[in-house]
Amino acid sequence: MKKRIIAIVVSFGLTTTSVGWAMSYDTNQELKKVVTNKIELIDKQSTKIANLENVIVEKDEKLDAEKQVIEKQKRQLQEKEDKIAEKEKEVSNLKNELKKEKAKVNFNSSEKGSDDIRELDINASGYIGMCVEGCSGRTRSGYDVTNTIYYNGMRIIATDTSFIPMYSIVEIEGFSEKFIALDTGGYIKGNKIDILFSNTEEARKFGRKNLKLRVIRNGK
């Protein structure tokens, strides 16, 4: 009887232990499954993070490349602006030189005067180099006008030297040519001038006129 009781107890104990083991095994399996799922989730998140990091790196590289392109374009634009400014300066200098050359016309280096420009109201008449009396064929400067009314490509005028100095270069309203003051006259006072013509008919035809005069080179 005792042996039977002991066998039953042992058998019950073994059964209980088996059930415990089974329950423990199932629990471990559940835990293992949960851990595995967590690990897979972490792996997926890690992969997603890695992909995002790669995208960020790629975007940063593209941004850096675009910045370099923009900086290069800025430098090129600045270089172009500097060249334009340099060209504008050269053009301005050339204009100033041209203005000075125009003012000089055909003056010799010993015939320099002031560059001050004046605009005057004058009363102009005409005269000739050779006439019945009082005309020597030479201007006050000693220049021979027997066969010419030009000096270095400019028409000759007589002026009051206190008003328009000798060797001054002027422009006169109605004329496309420039004039140079090389002569004087007894009746030429103040704002009066005489324009040298090649013959009496032209001088008389011109008569006497009130005109605008622009001094572009003042004196010798």
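The legends below accompany close-up views of a predicted model.

**Figure 1. Overview of the fold of the predicted protein model.** The secondary structure of this protein amounts to two helices and seven strands, and the order of these elements from the N terminus on is α-β-β-β-β-β-β-α-β. The protein has 220 residues, of which 22% are buried. Among the contacts in the protein with a separation of 6 or more, 74% are made between residues 24 or more positions apart.

**Figure 2. The edge-to-face pair of tyrosine 143 and tyrosine 151.** Four aromatic pairs are present in the structure. In the pair shown here, the rings of tyrosine 143 and tyrosine 151 stand 4.9 Å apart, centre to centre, with 90 degrees between their planes, and the pair counts as edge-to-face because the angle is over 60 degrees. The two partners can be described separately with respect to solvent accessibility: tyrosine 143 is partly exposed, with a relative accessible area of 26%, whereas tyrosine 151 is buried, with a relative accessible area of 11%.

**Figure 3. The aromatic cluster of Phe175, Phe179, Phe197 and Phe206, with arginine 155.** These four phenylalanines form one aromatic cluster. Within the cluster, phenylalanine 197 and phenylalanine 206 make a tilted pair, in which the ring centres are 5.4 Å apart and the planes meet at 40 degrees. Both phenylalanine 197 and phenylalanine 206 are buried. Phenylalanine 197 also has a charged side chain over its face, that of arginine 155, which lies at 5.2 Å from the ring centre.

**Figure 4. The largest pocket and the residues that line it.** The volume of the largest pocket is about 240 Å³. Its lining consists of 14 residues, and those nearest the pocket centre are Gly185, Gly186, Tyr187, Ile188 and Asp194. Two elements, β1 (118-128) and β6 (192-197), each give two or more residues to the lining of this pocket. By residue type, the lining is made up of five nonpolar, five polar and four charged residues.

**Figure 5. Two residues with positive phi, asparagine 152 and tyrosine 167.** Asparagine 152 is not a glycine, yet its phi is positive, at about 50 degrees; this residue belongs to the loop between β2 (150-151) and β3 (154-159). Asparagine 152 is partly exposed, with a relative accessible area of 32%. Tyrosine 167, likewise a residue other than glycine, has a positive phi near 70 degrees and is placed in the loop between β3 and β4 (169-172). The relative accessible area of tyrosine 167 is 13%, and tyrosine 167 therefore counts as buried, the limit being under 20%.

**Figure 6. Buried residues of strands β3 and β5: threonine 159 and alanine 181.** Threonine 159 is found in strand β3 and is buried, with a relative accessible area of 1%. When its neighbours within four places in sequence are left aside, threonine 159 is in contact with Ile164, Ala181, Asp183, Thr184, Ile188, Lys192 and Ile193. One of these partners, alanine 181, lies in strand β5 (residues 178-183) and is buried, with a relative accessible area of 0%. Not counting residues up to four places away in sequence, alanine 181 touches Ile157, Thr159, Ile164, Pro165, Met166, Tyr167 and Ser168, and this list includes the tyrosine that has a positive phi in Figure 5. Alanine 181 is eleven residues from valine 170 in sequence, and the two C-alpha atoms are 8.0 Å apart in space.

**Figure 7. Arginine 140 and its contacts with residues distant in sequence, among them leucine 182.** Arginine 140 lies in the loop between β1 and β2 and, at 60% relative accessibility, counts as exposed because the limit for that class is over 50%. Although arginine 140 and leucine 182 are 42 residues apart in sequence, their C-alpha atoms are 6.4 Å apart in space. Once neighbours within four places in sequence are set aside, the residues in contact with arginine 140 are Met166, Leu182, Asp183 and Thr184. Of these, Asp183 and Thr184 are also in contact with threonine 159, and Met166 is also touched by alanine 181.

Definitions and conventions:
Residues are numbered from 1 along each chain as its sequence is written. This is a predicted model: local features need pLDDT of at least 70, side-chain atom pairs count only at pLDDT 80 or more; totals for chains, interfaces and linings use all residues. Side-chain values use heavy atoms; hydrogens and water are left out. Rings of Phe, Tyr and Trp (its six-membered ring) pair if their centres lie within 6.5 Å; planes under 30 degrees apart count as stacked, over 60 as edge-to-face and the rest as tilted. Buried means under 20% relative accessible area, exposed over 50%, partly exposed in between (1.4 Å probe, protein chains only). A charge sits over a ring if NZ of Lys or CZ of Arg is within 6 Å of the ring centre and within 35 degrees of the ring normal. On a 1 Å grid over the protein atoms alone, a cavity is a set of points where a 1.4 Å probe fits but cannot get out, and a pocket is an open set with protein on both sides within 12 Å along at least five of seven lines; lining residues have an atom within 4 Å of a point. Grid points are joined across faces, edges and corners, and a volume is the space filled by probe spheres set on the points. Helices (H or I, at least four residues) and strands (E, at least two) are DSSP runs, numbered from the N terminus. Ala, Val, Leu, Ile, Met, Phe, Trp, Tyr, Cys and Pro count as nonpolar, Asp, Glu, Lys and Arg as charged, and the others, Gly among them, as polar. Contact means heavy atoms within 4.5 Å.
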